[in-house]
Amino acid sequence: MVATERPGPAVPPAAARHRRAGPPLRTRMVTALLVLATVAAGALVVRLKPDQEHGGRPFLRPGKAGGVVDVDTFQVVVLDAAGGTKLKHPRNGLTLDTTGVWVLVRVRVAATREPVILPYARLRDDRDRTFSATGRVTQPLTDGRAFQPGVWVEGHIVFEVARDAKDLTLLLGEHSGLGPGLLTLAEVPIAASVPQWLGQSTPLDVPDARLAA
Amino acid sequence: MLCGVASPGAGTADPPPAGRLRLALLNAPARWLVAGIAAVAILVSGAFGGFDKAAPDGPPKFTVGQPYAAGGWTVTVHGVRALDELPPLRHKENSGWRWIVVVATVEVTDAGESTLFHTQALQIHGVKGAPAKYADHVAGAADAAENAAVQPGVPARFGYFWEQRAEAPVPTELQVDIFALTYTFDNASNKGVWLPAKEQPAAVAMVPIDTKPAS
């Protein structure tokens with residue numbers, strides 16, 4: 001009997017069966033390219049997406065030395081800076097040495113609306129290293145002093161920085177930096193030269209904070 | 001031959017190379033497939049360090065007086081002393097305790113930020129009557145200041161003070177462990193932070209204890 005005479009569904013010719021075995025090569029290549037493109041686009045999105053650290057970075061209010069920097073809840077003026085390899089302890093008068101350099105930044109600060117304290121004080125250098133206000137001496141301004149609205153207080157913030165630090169910038173803010181909250185920080189470059197201070201061996205004084213005129 | 005039925009010779013033309021591979025895989029015995037998967041796994045493992053020499057048992061040893069780089073900081077253990085008193089530090093009780101003091105220098109090298117976690121850079125073992133895991137006090141060698149951060153690039157020398165019960169013997173030596181400062185994601189602060197390792201020390205050494213009185 002001949003196949004075409006059989007009842008029931010027609011049997012497709014052999015060539016048709018081959019065509020149905022899979023899509024053409026060009027279709028497969030296009031599919032593969034689309035998959036690759038999707039994967040590449042996903043990788044790019046992941047790479048460009050801000051990470052948690054980036055998303056939680058502080059808001060910076062840049063300023064210049066000598067000018068008023070307004071940080072919403074307080075204002076600050078960076079006056080000048082001094083440095084040396086020895087520091088006179090403000091309480092007991094002992095001379096404190098360091099393997100780095102002592103840096104004293106003189107600032108004026110006033111709150112704007114309500115009392116604030118400013119526990120976050122850092123110096124940042126050209127390598128993005130951050131140096132916290134030293135705990136080796138009592139800090140006149142950043143150890144819990146409350147600043148009142150409209151009352152300008154002048155004093156020093158004492159840092160101990162590396163001897164190879166360059167291009168120091170003061171960061172000052174309300175938050176301690178330990179919690180998840182976002183910081184708003186004053187960011188003011190310090191006109192200073194650490195190498196010049198390496199030869200300064202006269203112990204530096206840390207005067208008490210005082211009301212500014 | 002019947003009309004419409006392909007002849008065996010013309011209809012079973014060689015499949016393309018990819019098809020041959022597929023057919024070969026489908027027809028291969030299961031053990032071949034398992035062996036092939038294992039071989040691929042071994043090669044992938046090798047690409048990610050699987051063929052590296054296995055670490056020796058236990059943490060490496062540090063040398064007293066030599067800086068040891070441990071993650072984000074470098075620690076130099078200078079020595080260990082046993083002292084009854086060392087003002088201005090005070091024991092938790094008026095009597096019945098002595099100090100076991102590890103003198104070490106810590107320098108923040110890679111962290112790039114100040115840290116107060118240097119108090120967890122060291123642990124000691126092998127001292128009876130000294131219950132604390134971390135030092136009871138960590139004070140600056142120059143000014144006895146406590147709670148002062150170590151600044152990046154500014155090496156700071158400290159005394160790590162453990163209290164030991166006075167009735168317990170002073171051993172001739174003890175084991176000092178250095179723990180690395182590691183960068184990790186902290187869920188509490190929701191950001192990357194530098195924290196000391198908690199479990200595995202980066203390096204250990206047996207250090208003799210100097211029992212000479214303080215000069």
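Author: A residue is called buried if 20 or more other C-beta atoms lie within 10 Å of its own. Please keep in mind that this is a predicted model.

Reader: Thanks! What makes helix H2 of chain A hardly covered?

Author: The count of buried residues among the 24 residues of H2(A) is zero. None of them reaches the cut-off of 20 C-beta atoms within 10 Å, so the helix is described as hardly covered.

Reader: How do you know that the span of H2(A) agrees with what its 24 residues should give?

Author: The expected span is 1.5 Å times one less than the number of residues. For residues 25-48 of chain A that should come to 34 Å, and the end C-alpha atoms are 34 Å apart, so the two agree.

Reader: Let's turn to chain B. Why is strand S3(B) called mostly covered?

Author: S3(B) runs over residues 97-108, and ten of its twelve residues are buried. Those ten meet the cut-off of 20 or more C-beta atoms within 10 Å, so "mostly covered" is a fair description.

Reader: How do you know that S3(B) pairs with strand S2 (residues 73-83) of chain B?

Author: Two strands pair if DSSP finds at least two bridges between them. S2(B) and S3(B) have ten, in the antiparallel sense, so they count as paired. In one of the bridges, B:Val80 has B:Val102 as its partner.

Reader: And what joins S3(B) to strand S6 (residues 156-165) of chain B?

Author: Ten bridges do, and these strands run antiparallel. Here B:Ala104 stands opposite B:Phe158.

Reader: Back to chain A: why are S1 and S7 said to stand at the edges of their sheet?

Author: The open sheet has the order S1-S11-S10-S6-S7, with mixed pairing. S1 (59-62) and S7 (130-132) each have a single partner strand, so one side of each is left without a neighbour in the sheet. From one strand to the next, the twist averages 30°.

Reader: How do you know that S6 and S10 of chain A pair?

Author: Five bridges link S6(A) (residues 120-124) and S10(A) (residues 169-173) in the antiparallel sense. Pairing needs at least two, so the pair qualifies. A:Tyr120 has A:Gly173 as its bridge partner.

Reader: Which residues have the most contacts inside the largest nonpolar core?

Author: They are A:Val76, A:Val103, A:Val105 and A:Val161, in a core of 84 residues. Its largest share, nine residues, comes from strand S4 (residues 95-111) of chain A. Leaving aside neighbours within four places in sequence, A:Val105 is in contact with residues including A:Val78, A:Phe159 and A:Ile190.

Methods: Residues are numbered from 1 along each chain as its sequence is written. Chains are lettered from A and ligands numbered from 1 in the order in which they are written. This is a predicted model: local features need pLDDT of at least 70, side-chain atom pairs count only at pLDDT 80 or more; totals for chains, interfaces and linings use all residues. Helices (H or I, at least four residues) and strands (E, at least two) are DSSP runs, numbered from the N terminus. A nonpolar core is a set of buried Ala, Val, Leu, Ile, Met, Phe, Trp, Tyr and Cys residues joined through C-beta atoms within 7 Å. Two residues are in contact if their C-beta atoms, placed from the backbone, lie within 7 Å. Axes are lines fitted to C-alpha atoms, for helices over the stretch in contact, and angles run from 0 to 180 degrees between N-to-C directions.
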